[in-house]
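Welcome! Here is a short, friendly tour for anyone meeting this structure for the first time.

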Amino acid sequence: MKRTAATAGHVLSRVLPGVEQARTYERRWLRADLLAALTVGAMLIPQGLAYAQIAGVRPAAGLYAGVFAMLAYALFGPSRHLLVGPEAGAAILTATALVPVVGDGGPERLASLAALLALMVGAVSLLGGLCRAGALADFLSRPILIGYVNGAALIIIGSQLARMFGLERKSNEFAGQLHEVAANVGRTHVPTLLLGLGIVAALVAMRRFLPRWPAPLVMVALTTLAAWWFQLENGGVKAVGPIAAAAPSFGLPSLRFADVRTLLPAAFSLALVNYASSVLTGRIYADRFGYRLDAHQEFFGQAAANLLTGLTQGFPVSGSDSRTAVNASMKGRTQLVGVGAAVVVGVFSLFLTPLLSHLPLVTLGAIVIVAAVYLLEVKPVLRLWRVRPVEAVLAVVTTLGVLFLGILQGILVAVALALVDLIRRAAHPHDAVLGEREGMPGWHDVEGHADAETIPGLVVYRFDAPLFFANARFLREQVRRLVAESRQPVHWFVLDASSVFDLDITAAESLEKVCHELTDEGIVFAVAQARAPMRRMLKRSGLAALIGQDLLFPTVGAAVRAYLEARDAARATHDGEPVSSPQVH
């Protein structure tokens, strides 16, 4: 009975990670979690309004989307720190997908399509979780993460530039947004620009000198009060205007097969982008705080957040880099932060939204821009360049791809380039000729140790990669080169296979050719220190029989001793003249 209960508890904790977090919660975390919840909630209010406007839906939808997304993810999400809700990247993709579909349907049609898209994103994410597609996260490396974050940050900044200049944004593409601002800079509304720059300066100063203050909320309150007191709207400073405070209705949006078919590519794109960005951000904080993030469960967390948001007339949501960073900086420890922030935003949405009717739109733009600027990662790119330039290039390519091809396309291009680089390195892996060093046991790379000496007539060669179709020819060419360039005739060639953990059929055939070529030249071919998977492949392919069981050695040292014994025996038999193919018994 106890065993059954324990098994049920284990399954429940895997399906509902939030239950496990609540069960293991420590009281000493409560103060930090509540402070983080208040700060995150204050941050989400202006951001939710701004991102809802990017997506094209009513501002209050951004608030409610944050509430329901955080509650759903707190129950199903695997990360203790990731906060899900309205985000600029998802909002931009949503707007891009909906504009061609909505036509002349008006706000209600747009809201229904946004909710439908959220449901479809949730369904695709749920499918990914059921298919155990979390292995996709293994293809998202650190350079891709850096490139994605930088690209997303620049997209966020581009989406708000027109608002900072008091202009109308018409383009949903980064290049188009820059062109719009540059082409219309002469029409800049100077009071709006000055107010925006002042807000940016204040946000940066508060972040620097008052880091624990909810700076976005402070600026929302101050600028709303200033706009009301000085009647800034009469001077041309645009405001949010009345916000519908009614609670969202629960239910399915209008379902039309034509809409589902049209939005399906966008749903897959959003689901993949949401998953990629969220799992990468979640892994950063999981590594930092010392816990394991279940990449498969992340699909279920994203699915729950988007399904509940779609059922409450919201729009697609994703993990928030900026709010998650604030959560971590405030020492938040669990998803209680998300639950608390949802309560804060929910209370505000139901009772306090009339206070924001005079809020200048430029305030929202400035808040989003400052958050995006602090997301930019320039130093990590420079560090990558110092350590491994090819990965710095990969990060930059990811950024450019996200900016000019789109978020999903940019990530896919970066993953493809990373795989190409992986194949390139695997096709020409590190290898080494081994020799002895006086006073040091074992066999060492002669290139890395000037005092390492080889034994005349013997080549010990280590291949530092799995043997497969991409590097099989490289191995043959290296063997031929080493034999041809040897200063003394080669009698034995020993392959140190300690790093070869796999062998495919193409490589096995190539190794067979190597064996025949060396034998034809009177050279003995031996293999040392083959791992169990390679030994099995050698046996199955017939190579073990071709090479000879007596020439498959457990260590390099054993192979060298066998060569020396064979050489000494040959010299004794032939009056000091070595034979070309000594036999080992």
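Below are notes on the domains, one methionine and one pair of helices. Please keep in mind that this is a predicted model.

**Domains**
- The domain assignment of the protein gives two parts: domain 1 covers 24-242 + 253-421, and domain 2 covers 431-568.
- Taken over C-alpha atoms, the centres of domain 1 and domain 2 lie 55 Å from each other.

**Methionine 330**
- You will find methionine 330 in the loop that runs between α13 (321-329) and α14 (336-351).
- Methionine 330 counts as buried because its relative accessibility is 8%, and the cut-off for buried is under 20%.
- Setting aside neighbours within four places in sequence, methionine 330 is in contact with Ala32, Leu35, Ala36, Thr39 and Arg212.
- Glycine 77 is 253 residues away from methionine 330 in sequence, and their C-alpha atoms are 20 Å apart in space.

**Helices α3 and α5**
- Helix α3 (residues 30-55) packs with helix α5 (residues 88-102) at an angle of about 25°, and their axes are 7 Å apart.
- That angle makes α3 roughly parallel to α5, because angles under 35 degrees count as roughly parallel.
- The two helices, α3 and α5, have a right-handed crossing.
- On the α3 side, Tyr51, Ile54 and Ala55 make the contact; on the α5 side, Ala88, Ala91, Ile92, Thr94 and Ala95 do so.
- Sorted by type, the residues of this contact between α3 and α5 are seven nonpolar and one polar, with no charged ones.

Notes:
Residues numbered from 1 in each chain as written. Predicted model: local features only at pLDDT ≥ 70, side-chain atom pairs only at ≥ 80, totals over all residues. Heavy atoms only, no water. Domains from an automatic or database assignment. Helix = DSSP H or I, 4+ residues; strand = E, 2+ residues; numbered from the N terminus. Buried < 20%, exposed > 50% of the residue type's maximum accessible area, 1.4 Å probe, protein only. Contact = heavy atoms within 4.5 Å. Axes fitted to C-alpha atoms, helices over the stretch in contact; angles between N-to-C directions. Parallel < 35°, antiparallel > 145°, perpendicular 65-115°, else oblique. Left-handed = near helix turned anticlockwise from the far one by under 90°. Nonpolar A, V, L, I, M, F, W, Y, C, P; charged D, E, K, R; others polar.
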